[in-house]
Amino acid sequence: MARRAVGGTGRAGGSGVKAARRPEVRLPPLEPYDGGGLEPDGDYDGVEFVTADFAGQDGRGARFMDCALTGCALDETRLHHARFLDSVLTGIRGVGTDLAESTLRDVELVDARLGGTQMHGAVLERVLVRGGKIDYLNLRTARLKDVVFQGCVLVEPDFGGARLERVEFVDCELKGADLNAATLKDVDLRGAASLEIARGVDRLAGAVISPAQLLDLAPVLAAEMGVRVEG
């Protein structure tokens with residue numbers, strides 16, 4: 001294992017919000033995947049998976065340590081309670097991937113194309129999500145700490161009941177986000193290219209937004225407060 005967390009040494013942009021610590025994953029020499037298929041509670045240490053098709057396979061409780069997954073298919077793959085540690089996932093794709101109650105720690109997720117991914121109850125710590133598009137991501141009751149969403153598109157992500165601490169959105173599109181019952185602490189939304197909150201705008205305490213974003217959210221805030229705006 002060779003990685004170093006970077007950032008998080010000060011306040012983002014000089015504001016009162018603490019910056020997220022980003023992972024910097026440096027993988028050791030890797031062994032190629034033998035193609036034997038995923039196994040429940042499998043232990044994968046220092047393995048390189050390239051364009052592997054895991055559609056419909058069962059890897060519940062599996063551990064991926066110092067691994068690289070590149071171009072892998074995860075359609076309906078069962079990875080409930082799996083652990084991804086010090087790993088890089090690049091160009092993965094899939095619909096209905098089950099990552100409920102999984103753990104991602106010191107992970108880089110790059111250019112993912114995912115839809116309907118189940119990550120409720122998951123724990124994400126020092127995770128960078130860069131590029132790609134994720135539709136209908138279910139992060140209900142998840143815990144996110146030191147997580148950065150950068151240059152990606154998140155369509156209707158569900159953060160209901162989740163706890164977000166030191167989470168940054170940088171040059172990404174956040175469309176129709178659900179923050180109902182979520183708890184935010186040191187969440188920086190100023191860098192989001194677009195910010196749309198469908199539910200839970202009242203949970204923005206603990207987040208920082210830009211003046212322009214405040215204007216964009218004014219109709220939603222007014223509706224939440226029961227204020228009518230008439231010309």
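Leu 128 is a buried residue, with a relative accessible area of 7%, and its place in this predicted model is in strand β13, which covers residues 123–135. Leaving aside the neighbours within four places in sequence, Leu 128 is in contact with Arg 22 and Pro 23, with Val 107, Glu 108 and Leu 109, and with Val 148 and Gln 150. Leu 128 and Thr 103 are separated by 25 residues in sequence, and their C-alpha atoms lie 14 Å apart in space.

From this one residue the view can widen to the whole chain, which contains one helix and 20 strands. The chain has 231 residues, of which 50% count as buried, and the C-alpha trace spans about 65 × 35 × 25 Å along its principal axes. The radius of gyration of the chain is 18 Å, and this agrees with the value near 17 Å that a compact globule of 231 residues would have. The accessible surface comes to about 10600 Å², and 48% of that surface belongs to carbon and sulfur atoms. Among the contacts with a separation of 6 or more, 12% are accounted for by residues 24 or more positions apart.

In soluble globular proteins, nonpolar side chains tend to be buried together. In this chain the largest nonpolar core has 56 residues, and those with the most contacts inside it are Phe 84, Leu 144, Phe 149 and Phe 169. Strand β12, made of residues 103–115, gives the most to this core, with five residues. For Phe 84, the residues touched, not counting those up to four places away in sequence, are Phe 64, Leu 69, Leu 79, Leu 89, Leu 99, Thr 103, Leu 104, Arg 105 and Val 107.

Strand β12 also holds Gly 115, a glycine that is buried because its relative accessible area is 12%, under the 20% limit for that class. Beyond the residues up to four places away in sequence, Gly 115 touches Gly 94, Val 95, Gly 96 and Asp 135. Gly 115 and Gly 42 stand 73 residues apart in sequence, and the distance between their C-alpha atoms is 25 Å.

Several acidic residues deserve a separate look, beginning with two in strand β18, which comprises residues 183–188. Asp 186 is found in this strand and is buried, with a relative accessible area of 11%. The side chain of Asp 186 reaches the backbone nitrogen of Lys 18 at 3.1 Å. Lys 18 is also one of the residues that Asp 186 touches when those up to four places away in sequence are not counted, and the others are Gly 16, Val 17, Glu 165, Arg 166, Val 167 and Gly 206. Asp 188, which has its place in β18 as well, counts as buried at 9% relative accessibility, and its side chain is joined to the side chain of Arg 190 by a polar contact of 2.7 Å.

Two further acidic residues stand out through their backbone angles. Most residues other than glycine have a negative phi. Asp 146, however, has a positive phi, near 60°, and Glu 156 has a positive phi of about 50° although it is not a glycine. Are these two residues buried or exposed, or partly exposed? Asp 146 lies in strand β14, residues 143–150, and counts as buried at 1% relative accessibility. Glu 156, by contrast, lies in the loop between β15 (153–155) and β16 (163–170) and is partly exposed, with a relative accessible area of 44%.

The tour ends at helix α1, which runs over residues 211–225 and has a kink of about 50° at Leu 217, shortly before the proline Pro 219. Leu 217 is also one of the buried residues of α1, together with Gln 213 and Ala 222. Which strand do the buried residues of α1 pack against? They pack against β19, formed by residues 194–199. After α1 comes Gly 226, a residue whose phi is positive, near 75°.

Technical notes: Residues are numbered from 1 along each chain as its sequence is written. This is a predicted model: local features need pLDDT of at least 70, side-chain atom pairs count only at pLDDT 80 or more; totals for chains, interfaces and linings use all residues. Side-chain values use heavy atoms; hydrogens and water are left out. The bend at a residue is the angle between axes fitted to the seven residues ending there and the seven starting there. Helices (H or I, at least four residues) and strands (E, at least two) are DSSP runs, numbered from the N terminus. Buried means under 20% relative accessible area, exposed over 50%, partly exposed in between (1.4 Å probe, protein chains only). Contact means heavy atoms within 4.5 Å. A nonpolar core is a set of buried Ala, Val, Leu, Ile, Met, Phe, Trp, Tyr and Cys residues joined through side-chain atoms within 4.5 Å. A polar contact is a pair of N or O atoms within 3.5 Å; within protein, one must be able to donate a hydrogen and the other to accept it, and residues adjacent in sequence count only if both atoms are side-chain atoms. The radius of gyration is taken over C-alpha atoms; the globule rule is 2.2 Å times the number of residues to the power 0.38. Accessible areas come from the Shrake-Rupley method with a 1.4 Å probe; for residues, only the protein chains shown count as cover.
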